[in-house]
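Colleague: I am new to this structure. Please take a close look at one part, the paired charged side chains, and then place that part among its surroundings.

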Amino acid sequence: MYKAFFKRVLDILLTTIVLIILSPFLLIISFVLLLTGEHQIIYFQNRIGKDLKTFFIWKFTTMLKDSENMGDGLLTVREDPRVLPFGKFLRKSKINEIPQLINIIKGDMSIVGPRPLIYNPYKSGVGEKVYKTRPGLTGIGSIMFRDEEHLLSTTKLDKTYFYDNYISPYKGELEMWYQKNLSFITDIKVIFCTAWVIVFSESKLPYKLFKGLPTKPKELQ
């Protein structure tokens, strides 16, 4: 019942309240972006959504235009030269994700769910199970991979190979765990933990809050 109805009702109610409260702050961010960098406020990108259908995700602009055709392409590493100065702050604080509240209102996304990826990197059948629900503004994958840029920056392997063969499979396991444990309590824990790890990035709290998480591969430790 929660997954089928109340999750969507809560998404709409909470997102509307947050948008109203944050609207002055979002206007300031928009004004700064308009005057700096590429003078572009919102960046739209095609992402995978519920039932593997694509949609355009909203984000505050943090990188150079056409950055997907520069450097490491779709992957972003620590101290990536394509990231704009103000964009570094927006990305580190996760403020760049706030415009996705519009996606939630539209029904493209949920507050909590699997992250909407640019392409489906999962093995056959996994993606279909992962995206049985709407993708989320945050989720267990977002929490456990809050250091993804660091992992990509420090690996000695080809970054695309490392992502496809180590990061993606573990993300898939985490998202499958979420599907099995999806509940109101789980979502509340995810929301709380998301805020917690933004402030305390090295915290081990996720391992205490979420029981039965799949074991992290040694390549990601």
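Modeller: Start with D108, which is buried, with a relative accessible area of 19% (buried is under 20%, exposed over 50%, partly exposed in between; 1.4 Å probe, protein chains only). The model is predicted, so local features need pLDDT of at least 70 and side-chain atom pairs pLDDT 80 or more, while totals for chains, interfaces and linings use all residues. Residues are numbered from 1 along each chain as its sequence is written, and side-chain values use heavy atoms, without hydrogens and water.

The partner of D108 in a salt bridge is K106, and their closest N and O atoms are 3.6 Å apart (a salt bridge is a Lys or Arg side-chain nitrogen within 4 Å of an Asp or Glu carboxyl oxygen). Whereas D108 is buried at 19%, K106 is exposed, with a relative accessible area of 52%. Apart from that pair, K59, E97 and R115 are joined into one network by salt bridges that share partners.

The whole structure holds 8 salt bridges. One of them brings the side chains of D80 and R82 together, with 2.8 Å from N to O. What is the relative accessible area of D80? The value is 4%, so D80 is buried. R82 counts as buried too, at 3% relative accessibility.

Another salt bridge is formed by the side chains of R91 and E149, at 3.0 Å from N to O. R91 sits in helix α2 (residues 85–93) and E149 in helix α6, so this pair ties together parts that are 58 residues apart in sequence (helices, H or I with at least four residues, and strands, E with at least two, are DSSP runs numbered from the N terminus). E149 is partly exposed, because its relative accessible area is 27%.

Helix α6 (148–154), which carries E149, also takes part in the nonpolar interior. The largest nonpolar core has 42 residues, and the members that touch the most others are I140, F145 and F210 (core members are buried Ala, Val, Leu, Ile, Met, Phe, Trp, Tyr and Cys joined through side-chain atoms within 4.5 Å). Elements that each supply at least two residues of this core include α6, α3 (100–106), α5 (140–144), α7 (159–181) and α8 (184–199), together with the strands β2 (54–60) and β3 (110–112). The largest share, 7 residues, comes from α7. K106, the exposed partner of D108, is at the end of the range given for α3.

Two residues in loops complete the picture. H39 lies in the loop between α1 and β1 (42–48), and its phi is positive, about 60 degrees, although H39 is not a glycine. D51 is placed in the loop between β1 and β2 and likewise has a positive phi of about 60 degrees without being a glycine. D51 is partly exposed, with a relative accessible area of 47%.

F200 is in a loop as well, between α8 and α9 (205–209). With a relative accessible area of 42%, F200 is partly exposed.
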